[in-house]
Amino acid sequence: MEIQFLNQAQIQLESDEKLDVDMLDKVVQIMNNGSGEPQKIAANILARFKEQPNSWMKVDAVLEYAKFMETKYYALQILETLIQVRWKALPRDQCEGIKGFIVQTILDVSSDKAKAEAMKLYLQKLDLVLVQIVKHEWPRLWPTFISDIVGASRTNESLCMNNMQILRLLSEEVFEFGTGLTSIKAMHLKQQFCGEFEAVHKLCKDILENTDNVALIYATLNTLHGFLNWIPVGYIFEENLVDLIVEKFLPYPFFRSISVQCLIEISSINIDERPPIYGQRLVNMYRRVITMLMDQVPDDVDFNATYMSGSNEDQKFLSNLAQLLATFLKEHYKLAEVIDEKPNVIRPDQNDRNELKEFHQRGLDYLLKLSEIEDVEVFKVCLDYWNWLCVELFRESPFPQPPQHGLLDAFRRLREDRNESPRRRLYVNTLSRLRMLMINRMAKPEEVIVVVNEHGEAVRELVKDTDSVTLYKTMRETLVLLTHLDYRDTEIKMTEKLQAQVNGSEWSWKNLNTLCWAIGSISGAMHEDDEKRFLVTVIRDLLGLCEQKRGKDNKAVIASNIMYVVGQYPRFLRVHWKFLKTVINKLFEFMHESHEGVQDMACDTFIKIVIKCKPHFVMIQPGESRPFINDLLENLNGIICDLSHAQVHVFYEAVGHIISVEPEPAVKEDLIDKLMALPNSIWAEIIDHASSDVNMLCDAEVVKNLAHILKTNVAACKSIGAPFFSQLKKILMDMLGVYQVISSNVSKAISEHGEGVLKQPLLKSMRVVKREILVLLSTWIARSFEARAEQDQISAKTVIENVINPLFGTVMTDYLNNVPEAREPKVLSLLSITVVALKEQAAPQVPAMLDAVFECTLDMINKDLEAFPEHRTNFFQLLNAITRHCFKVLLALPDNVFVLVIQAVVWAFKHSMRNVAETGLEILREMFSQVAGLEDRAAAQAFYQKHYMNVLQHVLSVVTDNNQIPFVGLTNLSETMCLVFQAAEFSITVHLNPNSPQPALTLGMTQEQMAAANMEYIFQVIGELLATHFKNLSPDQIRIAIKGFFSFNRQVTKMRDHIRDFLIQIKEEAGEDTSDLFLEEKEAEIQKTQQEKLSIPGVQNPNDVVDDEDMV
């Protein structure tokens, strides 16, 4: 029944007959409330109706007769699209008619208070449509808009409330969003609004001074809040606006939040270059705010409890109050701080200074209390101020590092006390309370978690970029600075908190965790002797607490905190070998602990300590007969026997770090042999059995063991680097054999059972083995050229002969001949890494790489923009690496193959996958840079002649595509446009026009003449393309757009703004009147930029410069 109705509705809505509004109502209702096929049909009908060129002519009927608000909203969407795209192309009488209709509708609704309230959302949408019209009409075609809206506001309070909303929306559009405005037009509208603000200001002032209408006052304050960040500051400080807000409205709960928001904006204004009276006004504002708080807020109030139990308005007020205090105290600290350089000297204004000093301290006290609120966003606001304050106080007079000597150290402490700056003394008590606050609220450091990836493997991941980690970093920096400012107070506070844990008065897991995170965060902030004394006390108390507490859970929490704290103090560990050794052995004990999280913590702490202290494990320490690494390797099996596979990999990476610093190559090789003995024995056993029965490699358990062994090798290789070659060459040929067999099994399974078989656990495990082989090879190749020690360095010839050649024979052949679904994307990644590692020495290998992977991969990804996403990403990264390091090889390819490369790059930057699109433009920029730097100029000019115009047109297709811009990035695209147009102006010396005269006829042309001819040809081609595809653009718009592309080719920022303006213009139908585009001003700016560019010495050819002598 519904579908039959919808078919009738579609016929009616697409006809030229009078619109049946009831029918449209029903279609909208089906679209909003229906489901399934009817909903899809209804949505399609409405989309098609919206696209009809004359659908806007029926909007007035819909707004007048529709029964449902949703239908009216839909009609306003049609009208809004018309205004944004076709307004300037409409005849003036139609524009005036639409404008008059919208204004009258708004007046009808907003003049009646009850009606305005009942139709609030509808009125808001009408206001938005009006603002879109105003952006086109004002001031040129509607010069009286501001006076009209101000005058109308004085006739009716309900109407005035809505007009305030319209003014705020216009302010946001012009000064904040700039939607649909070119940069020059936005600038003109800003100037116009500032110039006409006097009338708006007078209206707001009259309302705030005279009306008793609470809702209107609130609307006016809300609108003022939107104005305060751009209006001329005289309106704020030379009138009574601040006094009105603070005295008349701030004390009342209904206006508190919006009043504070206005004061935040006022506090953000920089008055450094302004008259002194502005500063006095700000100080008076601050005093009155603090006075109000003192009158209304008891001294013993618990802001956190108030916030947690308060209403939304209460919470909003406290949040805004924190923002106000933090903003004022930060932006105007010079006004707020009363610093007594000579405390014993009485000044004439001493009473006033003492009073201001008290108010300043009160503000700090309130901010400290607000910092206790357990809401992350409120705390971030407060923390931002505290961090800034600590940085300021530290930078003002940072402490020098004193000599480490007992007597000198004592003198140093005495000197610090005596020489403490007056400004620091002002904040002593506040900073002391802040230290305790930071310790109590310390955020959690970044952590490692175990997750299951898409291949079903449990892998460890570092949790990055979370709010908690960001918060921790800021808090850590703040606490470090607080420690520098007074390390003794920090130590006392932390010791007191630790004693409260030991005696049980504050014992809890949360309290212990935050305390230990705080202790760990200040590593390196104390002088070494102080840190040693402090750390010994902390470890002693924590160990005592571990002995004291009962229960495995308690002991596990304490143990984890001990490991964390110890891991944070490598400086102490490096100079106390016995303690370091004890810690490491304790960590080995924890590796057998079954309690959740303890083994992870032990492994993480082990690798953290090893990275910072690794040389100490390979040297013979006093009282020892051999290096610790030997003892570790002897007991290796016993240490790791209870660890999970992922934890074993962390352990092997840690031991690899130790081995990497062994100075003797022979000893290093022996250590690697001992480290890899266990995995090698299992590997040899599997290979031995597989050589007699290859089907063994289809056993699930065997495949999992292979993956574990390979990951263990990867972990060790990652940290050992190039010297791991001694291990790699032992297993390389067997590894490639395994790769071939497993790859064959995977391909066979796909050909027999289809792509779905890849979801089976065994097939997933097999692909993990293939991938880990590729990861191991990638890791070693990447690290093989990073060796710092001369004895660790490996020649490119050794890498190519012993690894690359065997690898290519197996892996690339397998990739080429395999079915697409079984091709490993890591192969492409491996080739990229090889090219990056070998750089130009990879050039002989590149043709073989391209033969194996280029066309077969391109065939996988050129059917659409989504299939094989990992192959897609890695393929273009490989092209990027080859372009960057072996571009001459690409240039030497046969023309038909190089054309495919160009097409692939173009295909890349037209992707909707952001990383692929960005890589595509990066490759293109690299190509143009490489060509510009070629010594063989004939090859460079051949490149330009064959490919420049084709590439230029494809880049322009992206420039004119609003949908593609978000994927490539506007700045990224602007950089590319700069390079492309620079080439035409400065690098190309051959004719780009295929119909140009024969070379013999152009021999006498200078480079500048050739460039001028090419630029004229490019101008013509682009102009024709734009005129063909964008009928809405006028010839002047096209001409100025192209001139801008050339003139701004050395200024990325201006190119970006130019492209942004152009994107706005191509969406609009300009009509005959283009005066609001300010084309003359834009052209003048372009001409000025071109002149500035040519004024740079050397840019313009000396033969084209007119000298004084030429004038004779």
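**Helix contacts and salt bridges**

Trainee: Which residues in α51 meet Gln1007, Ala1011, Met1015, Ile1018 and Ile1022 in α52?
Mentor: Keep in mind that we're looking at a predicted model. The two helices cover residues 970–987 for α51 and 1007–1029 for α52. On the α51 side, the residues that meet those five are Phe981, Ala984, Glu985 and Phe986.

Trainee: And how far apart are the axes of α51 and α52?
Mentor: The contact between them divides into 7 nonpolar residues, 1 polar and 1 charged. The helices pack at an angle of about 140°, and the distance between their axes is 7 Å.

Trainee: Let's try another pair. Are α47 and α48 parallel or oblique to each other?
Mentor: Start with the geometry: α47 spans residues 895–909, α48 spans 914–932, and their axes are 6 Å apart. The packing angle is about 140°. Angles over 145 degrees would count as roughly antiparallel, so this value falls in the remaining class. That is why α47 and α48 are called oblique.

Trainee: How many nonpolar residues are there in the contact of α47 with α48?
Mentor: α47 passes α48 in a left-handed crossing. From α47, the contact takes in Val901, Ile902, Val905, Ala908 and Phe909, while α48 brings Val916, Ala917, Gly920, Leu921, Ile923, Leu924 and Met927. Gly counts as polar, so Gly920 goes in that group. There are no charged residues and 1 polar one, and the nonpolar count is 11.

Trainee: Now for charges. Which residue forms a salt bridge with Asp365?
Mentor: The whole structure holds 49 salt bridges, so let's pick this one out using the cut-off of 4 Å between nitrogen and carboxyl oxygen. The closest N and O atoms of this pair are 2.9 Å apart, and the partner is Arg433.

Trainee: How many residues apart in sequence are the parts that Asp365 and Arg433 tie together?
Mentor: Asp365 is partly exposed at 22% relative accessibility, and Arg433 is partly exposed too, at 40%. Asp365 lies in helix α21 (residues 350–371) and Arg433 in helix α25 (residues 428–441), so the bridge ties together parts whose separation in sequence is 68 residues.

Trainee: Which helix holds Asp489, the salt-bridge partner of Arg435?
Mentor: The closest N and O atoms of Arg435 and Asp489 are 2.9 Å apart. The pair links distant parts of the chain, 54 residues apart, with Arg435 in helix α25 and Asp489 in helix α27.

Trainee: Is Glu824 buried or exposed?
Mentor: Glu824 forms a salt bridge with Arg767, with the closest N and O atoms 2.8 Å apart. Glu824 sits in the loop between α42 and α43, and Arg767 is in helix α41, 57 residues away. Arg767 has a relative accessible area of 17%, so it comes in under the 20% cut-off. Glu824 has 4% relative accessibility, which means it also counts as buried.

Trainee: Which residues do shared salt-bridge partners join into one network?
Mentor: As a general idea, side chains of opposite charge can pair when their charged atoms come close. Here, salt bridges that share partners make one network out of Arg92, Glu96, Lys99 and Glu137.

Trainee: Leaving aside neighbours within four places in sequence, which residues is Thr834 in contact with?
Mentor: Thr834 is found in helix α43. Its relative accessibility is 0%, so Thr834 counts as buried. Its contacts, with those neighbours left aside, are Ile781, Ile804, Lys839, Ala842 and Met849.

Conventions. Residues are numbered from 1 along each chain as its sequence is written. This is a predicted model: local features need pLDDT of at least 70, side-chain atom pairs count only at pLDDT 80 or more; totals for chains, interfaces and linings use all residues. Side-chain values use heavy atoms; hydrogens and water are left out. Axes are lines fitted to C-alpha atoms, for helices over the stretch in contact, and angles run from 0 to 180 degrees between N-to-C directions. Helices (H or I, at least four residues) and strands (E, at least two) are DSSP runs, numbered from the N terminus. Angles under 35 degrees count as roughly parallel, over 145 as roughly antiparallel, 65 to 115 as roughly perpendicular and the rest as oblique. A crossing is left-handed if the near helix is turned anticlockwise from the far one by less than a right angle, and right-handed if clockwise. Contact means heavy atoms within 4.5 Å. A salt bridge is a side-chain nitrogen of Lys or Arg within 4 Å of a carboxyl oxygen of Asp or Glu. Buried means under 20% relative accessible area, exposed over 50%, partly exposed in between (1.4 Å probe, protein chains only).
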